[in-house]
Amino acid sequence: MTLLLTGLIPLAVLSGLILLTAGTGSLLQIRWRIPVAGSTERFLFSTVLGLGLLSTLVFALAALRLLTPVAIFSLLAGLAILAAMGWRFSGSPAYTIPDPAPAADRTDRCFALLLWVGVAAGLCGVLSPAVGNDALSYHLAVPRLYLQHRGFYFIPGNIFSNYPMNGEMLFLIGLFLGGDMLAKGVHFAAALLTLAGMGVFFRIHLPQLTLRFFSLLVFFSIPSVFVTAQMAYTDLVLTLYTFFAFFALFNWRRYNHPGWLGVCAVLTGLGMGTKYAGLLLPFLGCLGVLHVCKERKTGVLRTLGLLSAYGTVTIAAGCPFYLKNWVLTGNPFYPFFFEIFGGRGWDLDQARYYDLFLQQLGMGRDVADYLLLPWNLSFHARMHSPRFDGLLGPMFLFTLPFAAGLRKIPAAIKAGLVCCAFWFIFWAVSAQQIRYLIPIFPFLAITTGYTVQYYRKNRPVYALLLCLAAAGFCVTIVHTAGEFNKIKPLRYLSGREDRKAFLSRLIPSYGMFQFINTELPPDTKIFFIYMKNPGFLCNRAYFSDSMFESYTIQKILSRSATSHQVYTRLKADGFTHLLYDVRYVFGDRSTFSEPEKSLFRAFHAEHLRPVKTEAVYSLFRLVPDS
């Protein structure tokens with residue numbers, strides 16, 4: 001019964017959402033009379049376009065502050081009607097181009113089996129409560145706050161609430177309909193749609209590739225992909241839009257139908273609106289348009305017209321969150337480019353600290369460090385660590401060097417590698433987190449599969465490649481199994497752990513938030529200091545610095561001469577309680593100066609009364625002078 005309630009219901013709702021988005025997206029393809037290579041390709045593109053339409057409409061409700069149950073259900077009902085129309089007419093074969101005959105490969109079946117095992121394991125992780133730190137601090141916390149406030153508003157302290165949020169708009173619907181598991185399911189669905197899209201792409205643009213499941217397994221078995229797919233993050237939503245924009249561009253190259261260029265532009269814009277890394281996509285898209293025009297020997301004016309149309313649609317689809325940031329913060333790229341645009345609730349010191357923090361991710365920024373990046377990414381990366389904050393494994397390092405021996409490289413492989421090169425360079429000079437590289441992993445996985453297959457006639461090299469690939473799989477599977485074992489979702493799904501026990505095991509501060517939610521009055525407002533900001537767990541109003549988590553309290557202390565002034569400032573902002581991790585206030589991890597510690601101790605003695613202490617976490621109530 002536990003498995004039924006916690007698993008089948010979210011899966012059923014998620015399936016309904018996919019059918020709804022596929023139906024609405026199908027209407028767009030029918031309206032644009034877009035030729036497709038079969039019903040599977042049509043279904044996939046319809047679903048991706050439908051997801052983009054859904055996120056855009058949710059954005060509109062939030063911008064109008066209409067995120068009410070009546071408005072959301074009305075939106076879904078309207079989309080259901082459109083979806084029914086889309087499904088009714090989607091069977092029309094008038095604009096369908098038959099699939100090329102796929103080449104079979106018996107040895108690929110074992111890789112298919114491993115992939116299905118990995119997908120099943122990932123699904124188990126999806127159907128357990130959310131535990132990802134970024135998910136609890138903003139991917140889920142921010143959409144929930146928008147639901148509570150019926151729309152967008154400036155969230156003090158949380159700079160991530162002003163990142164592009166196309167993915168979070170889908171999570172908002174997930175939270176509204178089914179809670180955190182459904183929101184996680186949306187992200188997992190993005191991973192599955194990407195895998196399915198890769199499979200269809202092979203049949204159309206790389207029919208000579210027979211190691212298809214091998215390539216899919218290479219992508220999904222990357223530890224950072226496997227782990228991230230189970231969380232309510234947005235990296236795989238960006239990957240979905242990126243890959244299908246690339247797919248649409250190649251379809252335009254093949255069919256020479258303007259509708260495919262329009263689809264590419266829409267998906268490029270949706271990628272822009274998902275993460276700031278998506279800002280690279282229009283540049284890559286323009287390169288693709290120029291290359292196709294060069295192949296067709298298109299005239300200058302026609303080329304400029306195509307670029308203009310592509311750019312216009314891309315900007316229209318991608319600009320909503322940048323406009324929202326401009327209105328709420330005064331900075332469309334908040335919190336970046338502070339020296340140019342400024343930004344509400346942010347200052348120059350924080351901007352500089354943040355840039356410094358991003359530059360410290362990875363393993364150095366010297367010339368030698370850049371040259372060693374492939375090696376370090378493959379062998380020295382660590383989860384939840386400044387060392388790239390993720391795991392890649394050595395598969396690409398072991399196999400991709402052999403691609404240098406390819407004599408005839410298909411256009412799809414070449415284009416994918418060009419995208420990878422530009423994306424990697426941009427990544428290397430910015431925030432070196434492996435998650436931010438996930439959008440190029442499908443292209444690298446495709447290249448890996450093609451490379452291994454290419455050397456089949458050269459038995460010694462082929463045998464060596466198979467051994468290296470097997471070694472790469474062993475490393476990645478060990479890591480993914482280790483991450484799966486840390487979460488232990490089967491305990492929850494089998495009923496051996498309830499939600500409270502599951503979260504208490506994985507989140508040390510969970511018990512404190514349970515106390516806050518059940519024992520403190522509804523009008524409570526809490527000031528967090530170094531609690532890692534799991535705001536999604538807190539059902540009371542709170543404030544926390546999303547970066548440099550003692551910045552605001554240290555600023556208050558530095559500008560106060562007495563403990564009473566500290567108290568007055570906090571009370572003026574409506575705070576009733578203070579919650580902190582003692583290690584970061586008085587312990588060896590504290591960033592407080594000695595004068596700040598001294599003043600905080602005086603404030604502690606005069607204006608704070610203990611409410612609850614659990615492990616290293618302490619909750620206090622603010623009181624006036626004795």
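A: A cavity, worked out on a 1 Å grid over the protein atoms alone, is a set of points where a 1.4 Å probe fits but cannot get out, and its lining residues have an atom within 4 Å of a point. Keep in mind that this is a predicted model, where local features need pLDDT of at least 70 and side-chain atom pairs count only at pLDDT 80 or more, while totals for chains, interfaces and linings use all residues. Residues are numbered from 1 along each chain as its sequence is written, and side-chain values use heavy atoms, with hydrogens and water left out.

Q: Okay, so how many cavities of 30 Å³ or more are there?

A: A cavity's volume is the space filled by probe spheres set on its points, which are joined across faces, edges and corners. Count them that way and you get six cavities of 30 Å³ or more. The largest cavity has a volume of about 110 Å³, and the second largest comes to about 60 Å³.

Q: Which residues line the largest cavity?

A: Look for Leu 14, Leu 17, Ile 18, Leu 51, Leu 54, Leu 170, Val 186, Ala 189, Ala 190, Val 237, Leu 240 and Tyr 241. The elements giving two or more residues to that lining are α1 (2-31), α2 (39-63), α8 and α11. Helices here are DSSP runs (H or I, at least four residues), numbered from the N terminus.

Q: How do the residues of each lining divide into nonpolar, polar and charged?

A: Ala, Val, Leu, Ile, Met, Phe, Trp, Tyr, Cys and Pro count as nonpolar, Asp, Glu, Lys and Arg as charged, and the others, Gly among them, as polar. In the largest cavity the lining has twelve nonpolar residues, no polar and no charged. For the second largest cavity, the split is six nonpolar, four polar and one charged. Its lining includes Gly 125, Pro 129, Lys 184, Gln 230, Met 231 and Ile 487.

Q: Now helices. How many residues of α8 are buried?

A: "Buried" means under 20% relative accessible area, "exposed" means over 50%, and "partly exposed" is in between (1.4 Å probe, protein chains only). Helix α8 is mostly covered, with 23 of its 26 residues buried.

Q: And how far does α8 reach from its first C-alpha to its last?

A: You can predict a helix's span as 1.5 Å times one less than its number of residues. From end to end, α8 reaches 37 Å, close to the expected 38 Å. Try helix α21 (residues 411-428) too: its 18 residues should span 26 Å, and its end C-alpha atoms are 26 Å apart, which agrees.

Q: Which residues of α21 are buried?

A: In α21 the buried ones are Ala 412, Ile 413, Gly 416, Cys 419, Cys 420, Trp 423, Trp 427 and Ala 428. They cover an arc of only 150 degrees around the axis (taken from the directions from the axis to the C-beta atoms), so they sit on the same side of α21. Those buried residues pack against several helices, including α8 (180-205), α11 (235-255), α13 (280-296) and α22 (441-454).

Q: Can we zoom in on one residue? What is His 139 in contact with, beyond its neighbours within four places in sequence?

A: Contact means heavy atoms within 4.5 Å. Leaving those neighbours aside, His 139 touches Asp 134, Glu 168, Phe 171, Ala 232, Tyr 233 and Thr 234. His 139 lies in helix α5 (residues 133-139) and is buried, with a relative accessible area of 1%.

Q: Is Glu 483 buried or exposed?

A: Buried: the relative accessible area of Glu 483 is 10%. You'll find Glu 483 in helix α23 (residues 459-487). Apart from neighbours within four places in sequence, Glu 483 is in contact with Val 227, Met 383 and Leu 391.

Q: What about the backbone? Which residue has a positive phi of about 55 degrees?

A: Most residues other than glycine have a negative phi, and most peptide bonds are trans. Asn 256 is the one you want: phi is about 55 degrees although Asn 256 is not a glycine. Asn 256 sits in the loop between α11 and α12 (258-272), partly exposed at 49% relative accessible area. Lys 488 also has a positive phi, near 50 degrees. Lys 488 is in the loop between α23 and α24 (489-493), and is partly exposed at 25%.

Q: Where is Pro 335 found?

A: Pro 335 is in the loop between α15 (320-329) and α16 (338-341). The peptide bond from Tyr 334 to Pro 335 is cis, with omega near 0 degrees.

Note on methods. On a 1 Å grid over the protein atoms alone, a cavity is a set of points where a 1.4 Å probe fits but cannot get out, and a pocket is an open set with protein on both sides within 12 Å along at least five of seven lines; lining residues have an atom within 4 Å of a point.
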